[in-house]
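User: I've got a model open and want to talk through a few spots in it. Can you take my questions one at a time?

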Amino acid sequence: MGSEMCIRDRKINDIVIVGAGPAGLTASIYAARAGLSAVVLDELGAGGQLLSIDNLENYPGFPEGINGFEAAYSLQAQAERFGAVIESDKAVGISVDEGNSGDARFVVQGTQHSYPARSVVIATGAKPVPLPIDGADALVGKGISYCATCDGNFFRDKDVIVVGGGDSAVADVVYLCRIAQTVHLVHRREELKASPWYAKQLKGIENLVVHWNCIVSDVLQEKGRVSGARLKSVLTGETSTIRAQGIFVAIGTRPDTAWLDGIVELDESGYIVADEGGATSVPGLLAAGDVRTTPLRQVVTAVSDGALAAEAAASFLSSC
């Protein structure tokens, strides 16, 4: 830790929660209500992947669904009401003092400050898998997007492509078909990976064109912006071209764990190995939400994880 980096207020927090998505904010609610001093590190905006959801339809208690931005705002307001402190900072490292169980057992290193803590919850979630094409990164914000609800309005009455076949890709298609002139869905298989409920929503959409058994092999551009894509059949190798102004990528996610630098056990895919209560290979270090090993990654499971992790942190602190 660099000597120039100040320790935030010189205060040792009971719990530092890294990540302000549903898991992190719920953990802060439960921690603060339990009387613990809780700090949440928020890199971009409280809500995490909620901010990319137009209508959250499978969260219990909302028969007509709820807008992701609205749900995120409500979670943040609830956390702050109970006394959780949300800091705008990005965690870039963490150190552990195995012999220091009573005071600052952990120090979370941010880009702005360092945050000493007696326990930590990692809730950094997962980030979109990038389109595996040379030069695609340079076109993000210039036609390539990983968030349809964030950027879809820029492509009103234009032609767009959605790459993927899971629930997220289908949700993007449904949203974009209300905005764009034509939506091309490109999927490398012959059937969708999406759940039957999601897949059923595509029936009858007139401005949708599906390209089965295809991948995007190249992104076309004009004057530094996306102008289309070249498709390749995974069966025959034949290529074709689509003219489009936008490409929305939904081909999966990867856990945001590289910054942990081996401090905690990860599985082969990079997810934090944790039990049902969020306990990891490091006592006092919990994991919650999409960043951990779990059979299901949904908002409802992230919220549950956050509550369990906060309770586990409180139990750990009471035993110190």
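What follows is a short run of questions and answers on this predicted model.

User: First, how far can I trust it: what is the mean pLDDT of the protein chain, and where does pLDDT stay under 50?
Analyst: This is a predicted model, so confidence comes first, as pLDDT is the predictor's own score for each residue. The chain averages 92, and 95% of its residues reach 70 or more. The stretch where pLDDT stays under 50 is residues 1–6.

User: Is Thr 280 buried or exposed?
Analyst: Thr 280 sits in the loop between strand E17 (253–255) and strand E18 (285–287). Beyond its sequence neighbours, it is in contact with residues including Val 264, Ile 272 and Leu 286. Its relative accessible area is 17%, and the cut-off is under 20%, so Thr 280 counts as buried.

User: Which backbone atoms lie 3.2 Å and 2.6 Å from a polar atom of that Thr 280 side chain?
Analyst: At 3.2 Å there is the backbone nitrogen of Val 282. At 2.6 Å from a polar atom of the Thr 280 side chain there is the backbone oxygen of Leu 285.

User: Over to helix H6: what does it reach from first C-alpha to last?
Analyst: H6 covers residues 299–319, which is 21 residues. At 1.5 Å a residue, the expected figure is 30 Å. The model comes close to that, with H6 reaching 31 Å.

User: Which element gives the most to the largest nonpolar core?
Analyst: That core has 34 residues, and Ile 15, Ile 17, Leu 25, Ala 31, Leu 50 and Val 121 touch the most other members. At least two residues each come from E1, H1, strand E2 (38–42), helix H2 (68–81) and H6. With eight residues, the top contributor is H6.

User: And which H6 residue is in contact with Leu 50?
Analyst: Setting aside neighbours within four places in sequence, the contacts of Leu 50 include Pro 22, Phe 69, Leu 75 and Val 299. The buried residues of H6 include Val 299. So going by both lists, the H6 residue touching Leu 50 is Val 299.

User: Last one, on the strands: how many bridges join E14 to E15, and which residue stands opposite Arg 230?
Analyst: E14 (residues 225–233) also pairs antiparallel with E13 (residues 214–222), over eight bridges. E14 and E15 form a hairpin with five residues between them, and Gly 237 in the turn has a positive phi of about 85 degrees. E14 and E15 run antiparallel, joined by five bridges, and opposite Arg 230 stands Thr 241.

How values were computed
Residues are numbered from 1 along each chain as its sequence is written. This is a predicted model: local features need pLDDT of at least 70, side-chain atom pairs count only at pLDDT 80 or more; totals for chains, interfaces and linings use all residues. Side-chain values use heavy atoms; hydrogens and water are left out. pLDDT is the predictor's confidence in each residue, from 0 to 100. Contact means heavy atoms within 4.5 Å. Helices (H or I, at least four residues) and strands (E, at least two) are DSSP runs, numbered from the N terminus. Buried means under 20% relative accessible area, exposed over 50%, partly exposed in between (1.4 Å probe, protein chains only). A polar contact is a pair of N or O atoms within 3.5 Å; within protein, one must be able to donate a hydrogen and the other to accept it, and residues adjacent in sequence count only if both atoms are side-chain atoms. The expected span of a helix is 1.5 Å times one less than its number of residues. A nonpolar core is a set of buried Ala, Val, Leu, Ile, Met, Phe, Trp, Tyr and Cys residues joined through side-chain atoms within 4.5 Å. Two strands pair if DSSP finds at least two bridges between them.
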